[in-house]
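Below is a short report for a reader who has not met this structure before. Please look over the sequence and the model before reading on.

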Amino acid sequence: MLSSKRALTFGAGALASALALAACSSGNVSTDSGSGGAAGGKVTLNLATVNNGQMKDMEKLKTEYEKANPGTTVNFQVMEEGDLRAAVTADVASGAGQYDVVTIGAYETPQWGANGWLVDLTPDLKSDSSYDVDDILPPVRDVNTYDGKLFAVPFYGESSILMYNKDLLSKAGVTLSENPTWQQVADAAKKVNSADTSGICMRGKPGWGDLFAPLTTVVQTFGGNWYDDKWNATVNTPEWKQAVTFYKTMLDQSGEKDPVSYSFNECLTALKEGKAAMWADASVAASMLEADDSPVKGKMGYAHMPVEKTKQSGWLWSWNLAIPSSTKNKDAALKFVKWATSKDYIKLVGQKIGWSNVPPGSRTSTYEIPEYKEAAAAYAPITLDVMSSVNPKQPGVNPQGWVGIQYVSIPEFQDVGNQCAQLVADYIAGRGSVDDALAKCQTLAQAAGDKHKS
Amino acid sequence: MNRSVKGSLVTLLTWVLVLAFFFPVFWMILNGFKPESVASSVHPKLFFSPSTEGYQLAMDRGMKGYLLNSLTASVTATIIAVVLAIPAAYALSIRRVKNVENALSFFISTRFMPLAAVVLPLFMILKTLGLLDNIYMLAVVYGAVNLPVAVWMMRSFFLEVPFEIIEACRVDGAGLGREIFRVALPLVLPGVASAALITFIFSWNEYFLATLLTSSAARTTPPFLGSFVDGRGQFLAVLSAAATIAALPVIIAGWVAQKQLVRGLSMGAIK
């Protein structure tokens, strides 16, 4: 009994000590207590963001901003993409006001702008000539505009390109033009394919942002699309079937083994280790393939995304900074957003972190900086070329009722895209037929489209 | 098959199972010491020149603050759950209170509802009260979420206490407080330790509520670990390093409480 009593006393003491220790030191994740307004001239900005290289660099450089703006503290809250969407949507939609600056994708901007959840940045940015809003790449500006109002500004943009290992292709006697067709790429992949190296690596992991990012662009260049301009779903059309069948056949004949477990990072590793010869994916991958520690640095060739019936088939994605209407620190938030997406910030990244780390795909002037042109000589020209030439208002053969390339700007699309991706991934893995997958997908897409028919 | 061969086979099977369960943990620890390019290689590598870069990166991102928030939330939630569960479990086992006997199934039924169904009303209530992103609010929520499990566990431990001992202390004139805290509780201390540890572990590992109910000052470790996932870059080494650091407190707590835990887990067995 006595030992049990001692144990209880010890346990209670230990718990109390731990609590006291924890209580004394809790909450030091941020440097101030929440977004506590501008009391006493001090402002704390809470910024919710995604974990990518550009934002990690911005987190390192925020001290420069804080030094130049005494009294302002910027708290970075970095999240995984899915968590970011859930947390920021809950906050912004309910007007909770926990975040002063949010990172949103091009998919969200027009929808959130239409809902009145975001501050219209147009008047402030247009009136500031030093910010030079017209310098933002026009297609990126288009996807972040709703009803003529700019609701978010990009700090990072990307399109998709074809990347290939020149050594592996020349060994197989294959050459590619700067604007290849999908059939030429599939033929080349077949020739290069061997037991050790797959001819091509393409995403197959289910998800609207995984498999369906490249596949939607393939569908669009084959003449298909998710909807016509009257929101009738068009997934059960011959163009879709042709595109999806082509994608699977190419992967079966010369793609990576088990493609449904491959997305961006897996293909990146395969290319770096010489396990795949070609890859059509986000343009930012080129900077990783050309990084100093990459075994394939200097061995890669780059071309426009392959086409079939359209002239271009690259996608368009941007991560952007926006200010929720519910913020209590609008002026301070706007000042920070302007700094983080300015020409000067891009130069600051180059000088402090390195010219190859400069945020790509946001401003035309970035591609005129001599140091950047030199550091990114292998891939900067083609990135700018592709990003300037894609048309988010009509990426496919026929007109569409939304602005965007590899997604549809309606709230239901995430769910429809995820479910359809699962069905198509099952077909790619040989667990179902293409007709079944597309028929089910058509029903899902139509149910979502019906809500938008006027 | 003779007895020794059978015994060897059982031992072999046990080792295979132990290794199968331990391997992912071992791989996580190993990956934490690999350079990023080696960790994400197509062909997994067992031999490499170790690096502590992953640990350095995780700590540079301010992991200490998130660990302290997790500690605050978990310890406070554990205290809340244990302090409330002891009298509740007592009233449902030894000193039965007629009016609340049916509450037992109610307690556990609160665990049937998925958290996703509760989170939106909870978010709106906390928003109205101005308690979003508050670490003590999170601790109260964790305490409440884990209370039913703690009550159920402790009730089963209290039921094991021989009633003769309780009767004897009552005959000797002990009041209710003395009966609970001086007589019954010391007998079920290992059970209390197990319930506390389970509450601590559940609170420490909780991801979903922490992601939605906190934004900055009260962020805990699990959403911080999630933040290393990068759709456009390799992250396995740094994530493994951060996950190893995050797992340590739970492993240490389990190791320290091992003896009590084993006793607690066997308390339900026939003596």
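The text that follows covers the domains of one chain, the nonpolar core and one helix.

This is a predicted model. The domain assignment divides chain A into two parts, each made of two segments, as the table shows.

| Domain of chain A | Residues |
|---|---|
| Domain 1 | 42-158 + 317-375 |
| Domain 2 | 174-315 + 406-450 |

Taken over C-alpha atoms, the centres of domain 1 and domain 2 of chain A are 29 Å apart. Contact between these domains involves seven residues of domain 1 of chain A and eight residues of domain 2 of chain A. On the domain 1 side, the touching residues comprise four nonpolar, two polar and one charged.

The largest nonpolar core has 204 residues. Those that touch the most other members include A:Val101, A:Met163, A:Met278 and A:Val424 from chain A, and B:Ala85, B:Met154 and B:Ala242 from chain B. Helix H4 of chain B, residues 63-91, gives the most to this core, with 17 residues. Domain 1 and domain 2 of chain A both give residues to the core, so the core lies between them. As for A:Val424, its contacts beyond the neighbours within four places in sequence are A:Leu211, A:Leu215, A:Val244 and A:Ala437.

Helix H6 of chain B covers residues 115-129. Because each residue is taken to add 1.5 Å, its 15 residues should span 21 Å, and this agrees with the 20 Å between its end C-alpha atoms. Just after H6(B) comes B:Gly130, which has a positive phi of about 70°.

Methods:
Residues numbered from 1 in each chain as written. Chains lettered and ligands numbered in written order. Predicted model: local features only at pLDDT ≥ 70, side-chain atom pairs only at ≥ 80, totals over all residues. Core = buried A, V, L, I, M, F, W, Y, C linked by C-beta atoms within 7 Å. Buried ≥ 20, exposed ≤ 12 C-beta atoms within 10 Å, placed from the backbone. Helix = DSSP H or I, 4+ residues; strand = E, 2+ residues; numbered from the N terminus. Domains from an automatic or database assignment. Contact = placed C-beta atoms within 7 Å. Nonpolar A, V, L, I, M, F, W, Y, C, P; charged D, E, K, R; others polar. Expected span 1.5 Å × (residues − 1).
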